[in-house]
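Reader: I have just started learning to read protein structures, and I would like to go through this one slowly. Could you begin with whatever vocabulary I need?

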Amino acid sequence: MQNLVAVEGVKKTIFGVGAINQILSECLSLGASRALLVVDRALAQSEIGTSVENLFRNSPVQVIPYYEVTPEPSPDLADSGAETAKRENADCVIGIGGGSTMDVAKAIAVLCKNEGKILDYVGLDLVKRPGLPTIMVPTTAGTGSEATFTSVFTMKETKTKGGVNSPFLYPHTAILDPALTLGLPADITASTGMDALTHAIESFTSLQAHFMSEPLSLKAIEIISAHLRGAVFGGSDILFRTSMLKASYLAGMGLAMSGVGAVHALAYPLGAFFDVPHGLANALLLPYVLEYNYPGDIEKFAHIARAMGENSKGLSKRDTAALTVKAVRNLSRDINIPQKLMDLKIPEDSIPEMAEAAMKLKRPLMNNPRPVTAGVAEDIYHKAFEGM
Ligand SMILES: [Fe+2]
């Protein structure tokens, strides 16, 4: 029997080459006149940064710059961004960048209308009221933050990661312009693309998956399997970039509806302890977790293998499901994702501590199609360490 299904989401999505040119009219339709622009320094100085500033030049909307975002952001970036926004009377927040930037921008927007600091809201449904309206513009095809109600922060002192999860974090508008992803280097294209694949697979096989999320997740798997190699090796081809941006958005919506699983739970400690970027941590762990997971839902993993283009003719459902691991491993190797924790210089003796930290991530673990204990987590880390 299906649990109750309640779906919320982004209010407006604008997709297509050149969509970024709609950003001013979107601000105006929100009634905004002072927009906090959240980006990182590199983006601010890039062609994208300059062209966005030009779009607002001599317009009725004044841009208030907040260019302080760093990767795997700490909570104080949201706190200080909110101080700037309040001091400057911002009435809307724009985030342009990867997942870190959009997570910070979403958090700033709610802090403008809710007391305290962002750490007060780490958890589920703790944000009391809507924030400023937001416009999110991804420049990578992977994190899906433009589609979700989550902002993730890294707490360096306690070596933990925590998410603020609230429907008030859903962006008002997502502007998806594939042209903005054309300049992404091959390695970032590869790791963020694998993050999107992880969202798609984990949301599809989540115990919370349902009739609305499943088609989105499965379609994302199909598109990523067909086009991620092209986006990595032919990064200037707008068709590959368009496909990947579509897929990461679909996967983000699947994730927002049904959650992620053990790959994300095990990946978080890699980021919190050793600064491994989120996409890379997921990409490396994905085949090892799938190896463990597929017997937990043969039916769904058989669907995934077929969506990834594996030939299931004459095979049992179980053997078809197992092909998912092979398909993901082949994709990961083809696009030069590191295959072992050893390659990232992660010390093997940190495994018990990482497993303990992963077990604290109850929400993704509860969604996982097969139960994960601390022993299982250690076992997966060991296999990933040696590349078995
Ligand atoms: Fe992710």
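Author: Let us start with contact, which here means heavy atoms within 4.5 Å. This is a predicted model, in which local features need pLDDT of at least 70 and side-chain atom pairs count only at pLDDT 80 or more, while totals for chains, interfaces and linings use all residues. Residues are numbered from 1 along each chain as its sequence is written, and side-chain values use heavy atoms, with hydrogens and water left out.

Reader: OK, which residues is Gln-22 in contact with, leaving aside its neighbours within four places in sequence?

Author: With those neighbours set aside, Gln-22 is in contact with Ile-14 and Ile-175.

Reader: And where does Gln-22 lie?

Author: Gln-22 lies in a loop, with strand β1 (12-15) on one side of that loop and helix α1 (23-29) on the other. Helices (H or I, at least four residues) and strands (E, at least two) are DSSP runs, numbered from the N terminus.

Reader: Is Gln-22 partly exposed or buried?

Author: Gln-22 is partly exposed, because its relative accessible area is 34%, and the cut-offs are under 20% for buried and over 50% for exposed, with partly exposed in between (1.4 Å probe, protein chains only).

Reader: What separates the C-alpha atoms of Gln-22 and Ile-380?

Author: Those two C-alpha atoms are 45 Å apart, and along the chain Gln-22 and Ile-380 are separated by 358 residues.

Reader: Changing topic: which residues coordinate the iron ion?

Author: The iron ion is held by Asp-195 through OD and by His-199, His-264 and His-278, each of these histidines through NE2, at 2.1 to 2.4 Å. Donors are N, O and S atoms within 2.8 Å of the metal (3.2 Å for Na, K and Ca), and since water is not among the atoms, sites may look incomplete.

Reader: What spacing do the donors of the iron ion follow along the chain?

Author: Read along the chain, the donors of the iron ion follow the spacing D-x3-H-x64-H-x13-H. The D and the H at the start of that pattern can be looked at more carefully: Asp-195 and His-199 both belong to helix α6 (residues 186-205), and because they are 4 residues apart there, about one helical turn separates them.

Reader: Why does Asp-195 count as buried, and why does His-199?

Author: Asp-195 counts as buried because its relative accessibility is 2%, and His-199 also counts as buried because its value is 2%.

Reader: Let me jump to another helix: which residues of α11 are buried?

Author: In helix α11 (residues 298-307), the buried residues are Lys-300, Phe-301, Ala-302, Ile-304, Ala-305 and Ala-307. These buried residues of α11 pack against α6, α7 (213-233), α10 and α12 (317-334), and just after α11 comes Gly-309, which has a positive phi, near 90°.

Reader: Which residues does Ile-221 touch, not counting those up to four places away in sequence?

Author: Ile-221 touches Ile-304, Ala-307 and Met-308, and also Leu-197, Ala-200, Ile-201 and Phe-204.

Reader: Now the strands: in what order do the 3 strands of the open sheet come?

Author: The order is β5-β8-β7, the sheet is open, and its pairing is mixed. Two strands pair if DSSP finds at least two bridges between them, and β5 and β7 are the edge strands, since each of them pairs on one side only.

Reader: How many bridges join β5 to β8, and do the strands run parallel or antiparallel?

Author: Strand β5 (residues 123-124) is joined to β8 by 2 bridges, and the two run parallel, with Leu-124 standing opposite Asn-165 in β8.

Reader: And in what sense do β7 and β8 pair?

Author: Strand β7 (residues 150-155) pairs with β8 in the antiparallel sense, over 6 bridges. Going along β7, Val-152 stands opposite Gly-163 in β8, while Phe-153 stands opposite Gly-162 in β8.

Reader: Which residue takes a positive phi in the hairpin of β7 and β8?

Author: That residue is Lys-159, with a phi near 50°, in a hairpin that has 4 residues between the strands.

Reader: One more: why is β8 largely enclosed by the rest of the structure?

Author: Strand β8 (residues 160-165) is largely enclosed because 5 of its 6 residues are buried.
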